[in-house]
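Load the model, show both backbone and side chains, and keep a selection box at hand. The stops below say what to select next and what is there.

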2 protein chains.
Amino acid sequence: MSSKRSVKPRKLPQQERSRITVEAILEATAHILTEKGYDKTNTNLIAQRAGVSIGSLYQYFPNKKSLIVALREQHSQEIAELLESKFNHLFNSPPEIAIPELVKAVIAIHAINPRLHQVLSEEIPRSERSQQQMQKTDEQITELLRAYLLRWRDRLRPQNIEMTIFIINCTVESLCHSAVIEHPQFIRDSKFEQEVSNLLISYLVR
Amino acid sequence: MSSKRSVKPRKLPQQERSRITVEAILEATAHILTEKGYDKTNTNLIAQRAGVSIGSLYQYFPNKKSLIVALREQHSQEIAELLESKFNHLFNSPPEIAIPELVKAVIAIHAINPRLHQVLSEEIPRSERSQQQMQKTDEQITELLRAYLLRWRDRLRPQNIEMTIFIINCTVESLCHSAVIEHPQFIRDSKFEQEVSNLLISYLVR
DNA sequence: TGGCAATACAAGTAATTACTCATATTATTA
DNA sequence: TAATAATATGAGTAATTACTTGTATTGCCA
């Protein structure tokens, strides 16, 4: 069962040179994924690009899946941290103020490396994803949203908080993701973030 | 270049028995994809499930990609037709009436075979997708939406029609898709479709 | 009924690729 | 400085799988 195969590093780097090796491997993974897309990416190519032998790669990553998982982890952690700091800043700001700021932040995140973001979220087969880890980050963001919505509950129209969380989360994510990839011209001015903010605010606020 | 490889059937079935073969192959493709997911699907398995030799399969489908493309084509055609008939019925109904009907229809479509829908839209590598064909169906739906929005233009708040089309399309698709897969309990009553309709109506209508 | 075209068959091939292992090199420590 | 641990190497292996090809069977038509 591939789902049983561990994804944890086989060996933790202890000396400086191996930490450099691991870094190079992850950088190469991101680079090859971005350049070639998932299905033209293979471990030999990654090792080559990293300037490292294939054997070294398998010393630190037990299988191909673990490379992807490590990269995703890095990536989602960055996103979660940025959103956390935004929510902390905006916790006491009403939706009319907070929503546009959050939408702006999400668009900015997606615009950093759209192609890598696309590959990680669209092209990686489900079987290559570590369910627990993904859900952890997702739950973290859900929790931030939940706290914020409860804080402003009496200003909000929808009453089913869990459903509202899902709707907001899903809508913002998919709109920002697709816009960056399919309509980059939308992103150039602030019109798009205003529209998305309008969509959410007019739904949320009484 | 895999993108150059034709995807058109190598041979068109002429007798009844071969038409049955082709049907069985497509049914088997859908079945295996649904059961095993994309990356555990292979052509030998499809042929076996279809009760047909691997040679017969390659007589009608020049490569694996063409199987997926044929299946997607069938699938998107069904969706486009259903939406077209809905839009025709509702062309002269105001958004407050039309939107809930359309949302309901989209949810219903996604609920028919959620797993197949998920595999086709999430798991199939981008390289296995025929770009032209996908965009044709997508453009067809865009066109229906455009005509409707123009018809009711003076009742609408957003002025940038192209951006509005994108926002509506993307929002409805992703909400219905994700809800069916991640929150089937939302679908059981009509609360979810009401909420999604509210989201859109409060944004669209002055 | 015989000949031809359409269809069906499945063993086999060739290419890809994740991953191993025996060995060599470099750093650390006692 | 010698011994040991950590790290690096890359040729080779084994498994998978898309696809070919030569042959057999079935249906159609004159």
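## Stop 1: a glutamine in chain A

Start by selecting A:Gln118, which is placed in helix H6 of chain A. Keep in mind throughout that this is a predicted model. Is A:Gln118 buried or exposed? Its relative accessibility is 9%, so A:Gln118 counts as buried, the cut-off being under 20%.

Now show the side chain of A:Arg115 as well: a polar contact of 3.2 Å joins it to the side chain of A:Gln118. Then expand the selection to the residues that A:Gln118 touches. Leaving aside residues up to four places away in sequence, these are A:Glu123, A:His177, A:Ile181 and B:Arg126. The last of these, B:Arg126, belongs to chain B, which leads to the next stop.

## Stop 2: between the chains

Select the residues of each chain that are in contact with the other. Chain A gives 32 residues to the contact, and chain B gives 32 residues. About 2,800 Å² is buried between chain A and chain B, and carbon and sulfur atoms give 66% of that area.

Which helices of chain A each supply at least two residues of the side that touches chain B? They are helix H6 (114–123), helix H8 (161–182) and helix H10 (191–204). Colour H8(A) separately: the largest share of this side of chain A, 11 residues, comes from it.

How many salt bridges are there between chain A and chain B? The count is 0. Polar contacts between chain A and chain B come to 3 residue pairs, with both residues at pLDDT 80 or more.

## Stop 3: chain A as a whole

Hide chain B for a moment and colour chain A by secondary structure. Chain A has 10 helices and 0 strands; read from the N terminus, its elements run α-α-α-α-α-α-α-α-α-α. Along the principal axes, the C-alpha atoms of chain A fill a box of roughly 60 × 35 × 35 Å.

Of the 206 residues in chain A, 49% are buried. Among contacts in chain A with a separation of 6 or more, 73% are between residues 24 or more positions apart.

## Stop 4: aromatic rings

Bring chain B back and show the rings of Phe, Tyr and Trp. Over all chains, a search of the whole structure finds 10 aromatic pairs. One of them is formed by B:Phe87 and B:Tyr148, a tilted pair at 6.1 Å centre to centre with 55° between the planes. This pair links distant parts of the chain: B:Phe87 is in helix H4 (residues 64–90) of chain B, B:Tyr148 is in helix H7 (residues 131–151) of chain B, and the two are 61 residues apart. B:Phe87 counts as buried at 7% relative accessibility, and B:Tyr148 is buried with a relative accessible area of 4%.

Next select B:Phe186 and B:Phe192, a stacked pair at 5.9 Å centre to centre with 20° between the planes. Both rings belong to buried residues: B:Phe186 has a relative accessible area of 8%, and B:Phe192 has one of 1%.

In chain A, select A:Phe87, A:Tyr148 and A:Trp152, which ring pairs link into a cluster.

## Stop 5: arginine over tryptophan

Stay on A:Trp152 and add A:Arg151, which lies over the face of that ring at 4.2 Å from the ring centre. Finish in chain B with B:Arg151 and B:Trp152. The charged end of B:Arg151 sits over the ring of B:Trp152, 4.2 Å from its centre.

Key: Residues are numbered from 1 along each chain as its sequence is written. Chains are lettered from A and ligands numbered from 1 in the order in which they are written. This is a predicted model: local features need pLDDT of at least 70, side-chain atom pairs count only at pLDDT 80 or more; totals for chains, interfaces and linings use all residues. Side-chain values use heavy atoms; hydrogens and water are left out. Rings of Phe, Tyr and Trp (its six-membered ring) pair if their centres lie within 6.5 Å; planes under 30 degrees apart count as stacked, over 60 as edge-to-face and the rest as tilted. Helices (H or I, at least four residues) and strands (E, at least two) are DSSP runs, numbered from the N terminus. Buried means under 20% relative accessible area, exposed over 50%, partly exposed in between (1.4 Å probe, protein chains only). A charge sits over a ring if NZ of Lys or CZ of Arg is within 6 Å of the ring centre and within 35 degrees of the ring normal. Contact means heavy atoms within 4.5 Å. Buried area is the accessible area (1.4 Å probe) that two parts lose on being put together, summed over both. A salt bridge is a side-chain nitrogen of Lys or Arg within 4 Å of a carboxyl oxygen of Asp or Glu. A polar contact is a pair of N or O atoms within 3.5 Å; within protein, one must be able to donate a hydrogen and the other to accept it, and residues adjacent in sequence count only if both atoms are side-chain atoms.
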